[in-house]
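Reader: Hello! Could you walk me through this structure and tell me the reason behind each label you use?

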Amino acid sequence: MKRWVGLAALFAACIGSSGAWAQGSLRIGMVAGFSGPVAGLVHESADGAKLYFDAINAQGGIKGQTIELVTQDDKYQPALAVAGAKALASQGVLALILSRGTGPTEAMLPALKENKLPLIAPATGAASLRDPVQPWVFHLRASYEKEAERAVKHLAGIGVKRINIVQVNDEFGNDAGKGAIKGLDEAKLRALSHLRYDRNKPDLGPTMQAIAKAGIEAVVLIGPAYAVVEGINALRAAGSTAHVATLSNNASSDFVKQLGENARGTIVTQLFPYERSTANPLVREALGLAKAAGRAELTPAQLEGFAAAKLVVETLKRTNGKEITREGFTKALETARVDLGGLQVHYGEKDHNGLEFTDVSIVGPDGKFWR
């Protein structure tokens, strides 16, 4: 019994009441679905974050301390996300980054508040996490509404007029659906139909067969990768050559692999500059570090992870005091004005929205996202 008391006292001394380790690395946590339906994107975003952290560590770290990315697998399940956030908070992480999905991220909010733990760059564009402002959540990517609006504007810009919206019937789908309607309104168009499907049982075959028979020119298909893959495959099997636009939650190499030949021509929104564009300072920096690490290229999700890590590092540099604590880091973040490399991020008491950058890509014959 005395042994356990001694270990507990040692653990408490290492962490301290400030949420910082007295010695060792600067720990940044990531609670996300490293297994399950979003695993492909999660691994890519974590890989991008680690690419930047490793580069900073090779230069001596921050104030003589290295940065450590500590992960927890929530399997895309809200209950496990809560448990993971609490576990990492108790381990003294300064912040969490790159949670994936609206449900898991919303579930973590009480744990963030209880532990005064900031969450940076959650991979969700949900309106519920933006309005009203969640004091412990600091967004980097644009909202789902902005994404879907951009997709529709692209379709209208290439002369498409007969458009259907097919969305998953949940909060994510509703947010994106609103954006799609807004884009149609601005283009002075109307959706020929606005259909919804169940996340757990998409059953999109009959819907896509009806769309093919109606001669629809484009479908804005909003939902998780497995449902969008099912929908696109069913649409092509029905003989339709309609344009298909989906959102950045499907901007992964795994999504392209699942579609196979049917991936070609799919329009996918993007929330960061083109990952091959060396004209952009952020991309140029990321590609340079990737090549130095023996990698030929980056994916969109890796670039998002890289940008999130850079935001963390720039905030760490701005943290006052000899010892970097969770409280000091959060204060620096709340007033941060950071140039990530052609992308300006700033936060204030009433604005945690981050970037509004949106773009579109098209899956090319090589399976890459082209812009």
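Reader: Why is K188 called exposed?

Author: Exposed stands for over 50% relative accessible area, buried for under 20%, and partly exposed for what lies in between (1.4 Å probe, protein chains only). K188 has a relative accessible area of 75%, so it is exposed. This is a predicted model, in which local features need pLDDT of at least 70 and side-chain atom pairs count only at pLDDT 80 or more, while totals for chains, interfaces and linings use all residues. Residues are numbered from 1 along each chain as its sequence is written, and side-chain values use heavy atoms, with hydrogens and water left out.

Reader: Where is K188 found, and what is its phi?

Author: K188 is in the loop between α6 and β7 (193-197). Its phi is positive, about 60°, although K188 is not a glycine. Helices (H or I, at least four residues) and strands (E, at least two) are DSSP runs, numbered from the N terminus.

Reader: What makes K75 partly exposed?

Author: K75 has a relative accessible area of 44%, which lies between the two cut-offs, so it is partly exposed. K75 also has a positive phi, about 55°, although it is not a glycine. Its place is in the loop between β2 (67-73) and α3 (78-90).

Reader: How do you know that Q167 is buried?

Author: The relative accessible area of Q167 is 1%, and buried means under 20%, so Q167 is buried. Q167 belongs to strand β6 (residues 163-168). Leaving aside neighbours within four places in sequence, its contacts (heavy atoms within 4.5 Å) include H194, L195, R196 and Y197.

Reader: How many aromatic pairs are there, and why is the pair of F138 and Y347 called edge-to-face?

Author: There are three aromatic pairs. Rings of Phe, Tyr and Trp (its six-membered ring) pair if their centres lie within 6.5 Å, and planes under 30 degrees apart count as stacked, over 60 as edge-to-face and the rest as tilted. The ring centres of F138 and Y347 are 5.2 Å apart and the planes are at 75°, so this pair is edge-to-face. The pair links distant parts of the chain, with F138 in strand β5 (residues 137-138) and Y347 in the loop between β12 (344-346) and β13 (359-363), 209 residues apart. Both F138 and Y347 are buried.

Reader: What makes you say that the charged end of R276 sits over the ring of W370?

Author: The rule asks for NZ of Lys or CZ of Arg within 6 Å of the ring centre and within 35 degrees of the ring normal. The charged end of R276 lies 4.3 Å from the centre of the W370 ring, and it is counted as sitting over that ring.

Reader: Which peptide bond is cis, with omega near 0°?

Author: That is the bond from D131 to P132. P132 is in the loop between β4 (119-120) and β5.

Reader: Which residues line the largest cavity?

Author: Among them are L41, R100, R141, S248 and F272. Helix α11 (residues 300-318) gives the largest share of this lining, three residues. On a 1 Å grid over the protein atoms alone, a cavity is a set of points where a 1.4 Å probe fits but cannot get out, a pocket is an open set with protein on both sides within 12 Å along at least five of seven lines, and lining residues have an atom within 4 Å of a point.
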